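Here are my notes on the model you sent over, in the order I'd go through them at the bench. Have the viewer open as you read.

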Amino acid sequence: MRWMGWSLLLALLSSEAWAQACVVHSQGERLDEKGCQQNRSIPAKLFSDGFCQPALAGQKVEVQYVDQCPTGAFGVCSNAQVANMPYRQDIHYYGVATDAAYLKPYCEGQSQGTWLKP
């Protein structure tokens, strides 16, 4: 029985350590947003320690590491460039589809990405 417990723990830890995406769910007074960042070229440690750990004042933030972003996004900013860095990622947006009105122009302009509707 002990062996199974350690095996499960190691499996969970190793899957998180090698995950290439993170789902970020933030909730505030009148805010409930969910997005997922899929790593393309960011060094793994920088991705997990910096990109998947947002500091959002006054909000409850939950981060879940996954192998890839889940389906169900209303839009994806594919191959988005990280500001002032040479790295790329795909950003999946879930929730209110009308947010695409400002997310798409930001994706294509600032992030130099390609807006996709899955």
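**Notes on the fold and on one glutamine**

1. Let's begin with a single pair of residues: Gly-75 has Tyr-93, in β5, as its bridge partner. Keep in mind that this is a predicted model. The pair belongs to a longer match, in which β4 (residues 75–81) and β5 (residues 88–94) run antiparallel and share five bridges.

2. Now zoom out to the sheet. Six strands form an open sheet in the order β3-β1-β2-β5-β4-β6, and the pairing is antiparallel. At the edges sit β3 (60–66) and β6 (114–116), each of which pairs on one side only. From one strand to the next, the twist averages 20°.

3. Which helices pack on this sheet? One is α2 (residues 44–51), which touches β1 (21–28), β2 (31–39), β3 and β5. The direction of α2 makes about 170° with that of β2. Another is α3 (residues 100–109), which packs on the sheet with contacts to β4, β5 and β6. Its direction makes about 145° with that of β6.

4. For the chain overall, count three helices and six strands. Going along the sequence, they come in the pattern α-β-β-α-β-β-β-α-β.

5. Gln-89 deserves a look of its own. This residue lies in strand β5. Is Gln-89 buried or exposed? Its relative accessible area is 7%, so it counts as buried, the cut-off being under 20%.

6. What surrounds Gln-89? Setting aside neighbours within four places in sequence, its contacts include Gln-37, Gln-38, Arg-40 and Ile-42, along with the phenylalanines Phe-47 and Phe-51. Also among them are Cys-77, Ser-78, Asn-79, Ala-80 and Val-82. With Gln-37 there is something more specific: the two side chains are joined by a polar contact of 3.1 Å.

7. One distance to try in your viewer is Gln-89 to Gly-113. They are 24 residues apart in sequence, and their C-alpha atoms are 9.1 Å apart in space.

8. Some whole-chain numbers to finish. Among contacts between residues at least 6 apart in sequence, 61% join residues at least 24 apart. Of the 118 residues, 31% count as buried. The chain exposes about 8,100 Å², and carbon and sulfur atoms supply 57% of that area.

Technical notes
Residues are numbered from 1 along each chain as its sequence is written. This is a predicted model: local features need pLDDT of at least 70, side-chain atom pairs count only at pLDDT 80 or more; totals for chains, interfaces and linings use all residues. Side-chain values use heavy atoms; hydrogens and water are left out. Two strands pair if DSSP finds at least two bridges between them. Helices (H or I, at least four residues) and strands (E, at least two) are DSSP runs, numbered from the N terminus. Axes are lines fitted to C-alpha atoms, for helices over the stretch in contact, and angles run from 0 to 180 degrees between N-to-C directions. Contact means heavy atoms within 4.5 Å. Buried means under 20% relative accessible area, exposed over 50%, partly exposed in between (1.4 Å probe, protein chains only). A polar contact is a pair of N or O atoms within 3.5 Å; within protein, one must be able to donate a hydrogen and the other to accept it, and residues adjacent in sequence count only if both atoms are side-chain atoms. Accessible areas come from the Shrake-Rupley method with a 1.4 Å probe; for residues, only the protein chains shown count as cover.
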